[in-house]
Amino acid sequence: MNSTRPWAAPVAGALMVGSLLVAVPGAAGATGATGATAATAGTVYYVDSRSGDDSAAGTSAATAWRSLDNVNAATLGAGDTVRLKRGGSWPGVLTLSGRGTAAAPVVVEPYGRGTAPRISGRDEDCVVITGSYVRVVGVRAVNCRWAGFEVSGNRNELDRVIAERNITGVHLMGRYNVVKNSLLSENNRMSVNTKGGDDDSGAFGVLLNGDDNLVTENVITGSYAASEDYGTDGAAVEVFNGDRNRVTHNIARNNETFVELGAQKGKTAAGNVFAHNVVTSSRRAAFLVTRGARHAVGPVKGTVAVHNSVYLPARKTLGWICHDGCSPGILKLRNNIIVVGGEVGFEDGKGADEDAGVYKGRSRKFKLGPRSIMADPRFRSRTDLRLRPGSPALGRGVKLGPDWYGGTGLARDLSGAALSASPAAGAYQS
């Protein structure tokens, strides 16, 4: 794990990736950046990688373009739609610089029958969004130069996308963007992997360099890679110089770390919220890593982690780590369940602000809050982290205001259930 890196629900459906069938949480309660699907009719363009013709009009399935070049050159505006033929595959980059509106976004979506349209190629990032109010639905980005989806514009939305075998599945640099209902799988390549220097970096499901983004109801799996400096490295979510991002209601499986946070000196990664996530792994892994002012990429202020359920049974595992000057202003934790084979939590300095958690592990190096306990939470199984009857997590939590969850619309458990006045700890209320 890099300590000084510079960093360059109810089931709504399922996605098939290779031989892996992955259920994706539904989008109930998620607040989209682009609002409704296009309410204002615009031009519809069709692209068919097998039967299309770049000299055709492109405005019907019968006159579809073949490559992405015409799309990249088009001036897309409010209500315009680009439809990519299912089963199609394109090398290179899809560049989306258009500007929609909240009521009429620019939309990219599949048409026809077959597998998700696929964009790939090591020479460039696959889908690059520099515009605003752009909504990309159901597109697959595989084995790209750096990012499957690079979003530097504002108020865009990725919905039901698939990103695989990239350095980062999704790279968010803009503001008020949303990633939801998506599968970010096996993003397991490194950007820096050299002996010495304590600088290896890569294998991210989501890399957050922007502010005020929402990452919700996704499945993030396999974010790890071999590292010369650390043995292995990677994270489901990496936050660097990103403020007020909300990472909620995600399912994370077999990643190296769920979230690691840092900031360059003179910049911030403040006020990020992690709520109602389920984190499991059979690997050496950690849930959350953050830093105080004594660290090279600290301080990371105002991180909040609430109602997360974590199960990391391997021996060399860690729950949360708040080091090099931890304090209540660095990390606040409420209503979490963390079960690890190693150390459930670590704090130094003044310590984190922690309460109402249920912990199980070989050791801990933090002071338990008044309502926190060391006990078996009685998960249903290793992969089903809902609670069995009699769990000490039931009624353990403390009632919290909507700011703790990132907003009123996110104040619900992973299955969509409302939170009671005496909530259970963890991502599920029962």
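**Exercise 1. Work out what share of the chain is buried, and what the exposed surface is made of.**

Solution. Start with burial: of the 430 residues in the chain, 58% are buried. Here buried means under 20% relative accessible area, exposed means over 50%, and partly exposed is in between (1.4 Å probe, protein chains only).

Before going on, a word about the model: it is predicted, so local features need pLDDT of at least 70 and side-chain atom pairs count only at pLDDT 80 or more, while totals for chains, interfaces and linings use all residues. Residues are numbered from 1 along each chain as its sequence is written, and side-chain values use heavy atoms, with hydrogens and water left out.

Next, the surface. The chain exposes about 15500 Å², and carbon and sulfur atoms supply 50% of that area. Areas like this come from the Shrake-Rupley method with a 1.4 Å probe; for residues, only the protein chains shown count as cover.

**Exercise 2. Count the helices and strands, then give the strand order of the open sheet with 11 strands.**

Solution. Step one: the chain comes to one helix and 41 strands. Both are DSSP runs numbered from the N terminus: helices are H or I with at least four residues, strands are E with at least two.

Step two: the open sheet reads E6-E9-E12-E15-E20-E25-E28-E31-E34-E37-E40, and the pairing is parallel. Two strands pair if DSSP finds at least two bridges between them.

Step three: look at the edges. Strand E6 (94-96) and strand E40 (363-365) each have a single partner strand, so one side of each is left without a neighbour in the sheet.

Step four: check the twist. Neighbouring strands of this sheet are turned by 10° against each other on average, direction ignored. For such angles, axes are lines fitted to C-alpha atoms, for helices over the stretch in contact, and angles run from 0 to 180 degrees between N-to-C directions.

**Exercise 3. Walk through the sheet from E15 to E28, naming bridge partners on the way.**

Solution. First, strand E15 (residues 168-172) runs parallel to E20, joined by four bridges. One partnership to find in your viewer is Val170 with Val206 in E20.

Second, step from E20 (residues 204-208) to strand E25 (residues 235-240): again the sense is parallel, over four bridges. Leu207 has Glu238 as its bridge partner, and Leu208 has Val239.

Third, move on from E25 to strand E28 (residues 257-262), a parallel pair with four bridges. Glu238 turns up again here, standing opposite Glu260 in E28.

Fourth, ask how covered these strands are. In E20, five of its five residues are buried. In E25 it's six of the six, so E25 is largely enclosed by the rest of the structure.

**Exercise 4. Find the largest nonpolar core and follow one of its residues.**

Solution. A nonpolar core is a set of buried Ala, Val, Leu, Ile, Met, Phe, Trp, Tyr and Cys residues joined through side-chain atoms within 4.5 Å. The largest one has 67 residues, and those with the most contacts inside it are Val136, Phe149 and Trp320.

Now pick Trp320. Not counting residues up to four places away in sequence, Trp320 touches a list of residues including Leu288, Leu331, Ile338, Phe346 and Phe366. Contact means heavy atoms within 4.5 Å.

Apart from the largest core lies another, of 17 residues, among them Leu183, Val339, Val358 and Ala424. As background, in soluble globular proteins nonpolar side chains tend to be buried together.

**Exercise 5. List the disulfides and give the handedness of each.**

Solution. A disulfide is a pair of cysteine sulfur atoms within 2.5 Å, and by this rule there are two.

- Cys126 is joined to Cys144, S to S 2.0 Å. The torsion about the S-S bond is about -105°, so this disulfide is left-handed. Cys126 lies in the loop between strand E8 (118-121) and strand E9 (127-129) and Cys144 in strand E11 (residues 140-144), so the pair ties together parts that are 18 residues apart in sequence.
- Cys322 is joined to Cys326, S to S 2.1 Å. With 100° about the S-S bond, this link is right-handed.

Last step, burial: Cys126 and Cys144 are both buried, and so are both Cys322 and Cys326.
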